[in-house]
Amino acid sequence: MLKVRVMPTLLHKDLGLVKGVGFDSWRRVGSLMQAVKVYNMRGVDELVYLDITATAEERRPDFELVDDFADECFMPLTVGGGVRSIDDVRELLRVGADKVAVNTAAVETPELVQEVASRFGAQCVVVSIDFRRHEDGTPEVYTHAGKTATGLDPVALAIDMEARGAG
């Protein structure tokens with residue numbers, strides 16, 4: 001029997017953690033450091049932190065913030081949001097991330113996934129795929145925190161990203 005892995009995802013927007021429905025209706029759910037401490041105590045298998053406004057605001061990841069909370073995170077840490085270059089990945093790994101998640105960049109510059117996988121290993125790069133279903137049930141990939149339709153099929157994108165080296 002396969003072991004169940006518990007991997008909470010923390011969505012960071014503006015100054016705190018949020019929860020939303022369908023990329024909308026955001027509500028605050030607490031502080032980042034408090035959540036990290038709670039998940040440490042609960043012994044989760046991995047923690048995923050996504051800055052969901054970084055790309056839309058054309059910001060790089062907040063390396064200082066990641067450095068601060070990574071020191072308190074005693075489980076593998078995946079960080080995403082605003083990652084657009086190999087330098088962003090390198091710096092996130094330097095400040096404490098174990099893996100880096102890419103979403104919009106995976107669609108706009110898929111060769112970034114290949115470059116990260118070849119430099120740091122497939123286990124280092126995670127591709128996050130946001131999608132919505134149309135009224136007829138067909139899914140479509142969205143980027144920029146669910147705001148920009150791409151016309152792509154999420155399964156086809158996942159297969160392509162795996163072939164490019166995503167772990």
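Which residue follows H5, and what is the sign of its phi? The residue is Gly 121, and its phi is positive, near 100°. This is a predicted model. The secondary structure comes to six helices and 10 strands. Of the 167 residues, 41% count as buried.

**Overall build**

- The radius of gyration is 16 Å, which agrees with the value near 15 Å for a compact globule of 167 residues.
- Along the principal axes, the C-alpha atoms fill a box of roughly 45 × 40 × 40 Å.
- Take the contacts between residues at least 6 apart in sequence: 57% of them join residues at least 24 apart.

**Helix H5**

- H5 covers residues 111-120.
- Its buried residues are Leu 112, Val 113, Val 116 and Ala 117.
- Viewed down the helix axis, these buried residues fall within an arc of 130°, so they line one face of H5.
- The general rule for helices fits here. An α-helix has 3.6 residues a turn, so residues three or four places apart point the same way.
- Three helices pack against the buried residues of H5: H3 (86-95), H4 (104-108) and H6 (154-163).
- Strands S6 (99-102) and S7 (125-127) also pack against these residues.

**Around Arg 59**

- Thr 53 sits in the loop between strand S4 (47-51) and helix H2 (63-70).
- Thr 53 has a relative accessibility of 10%, so it counts as buried, the cut-off being under 20%.
- The side chains of Thr 53 and Arg 59 make a polar contact at 3.1 Å.
- Asp 51 lies in strand S4.
- Asp 51 is also buried, at 7% relative accessibility.
- The side chain of Asp 51 has its own polar contact with that of Arg 59, at 3.2 Å.
- Beyond four places in sequence, Thr 53 is in contact with His 12, Lys 13, Asp 14 and Arg 59.
- With the same neighbours left aside, Asp 51 is in contact with His 12, Arg 59, Gly 80 and Gly 81.

**His 12 in strand S1**

- His 12 belongs to strand S1 (residues 9-13).
- Its relative accessible area is 9%, so His 12 is buried.
- Outside four places in sequence, the contacts of His 12 include Tyr 49, Leu 50, Asp 51, Ile 52 and Thr 53.
- Leu 17 and Leu 65 are also in contact with His 12.
- His 12 and Met 33 are 21 residues apart in sequence, and their C-alpha atoms are 12 Å apart in space.

**Aromatic rings**

- How many aromatic pairs does the structure hold? There is one.
- The ring centres of Tyr 49 and Phe 69 are 4.9 Å apart, and their planes are at 55°, so the pair is tilted.
- The pair links distant parts of the chain: Tyr 49 is in strand S4 and Phe 69 in helix H2, 20 residues apart.
- Buried or exposed? Tyr 49 is buried, with 2% relative accessible area.
- Phe 69 is buried too, with a relative accessible area of 0%.
- Another ring, that of Tyr 142, has the charged end of Arg 132 over it, 4.9 Å from the ring centre.

Key
Residues numbered from 1 in each chain as written. Predicted model: local features only at pLDDT ≥ 70, side-chain atom pairs only at ≥ 80, totals over all residues. Heavy atoms only, no water. Helix = DSSP H or I, 4+ residues; strand = E, 2+ residues; numbered from the N terminus. Buried < 20%, exposed > 50% of the residue type's maximum accessible area, 1.4 Å probe, protein only. Polar contact = N/O pair within 3.5 Å; in protein donor to acceptor, adjacent residues only side chain to side chain. Contact = heavy atoms within 4.5 Å. Arc of directions from axis to C-beta. Phe/Tyr/Trp six-rings, centres within 6.5 Å; stacked < 30°, edge-to-face > 60°. Lys NZ or Arg CZ within 6 Å of the ring centre and 35° of its normal. Rg over C-alpha atoms; globule rule 2.2 N^0.38 Å.
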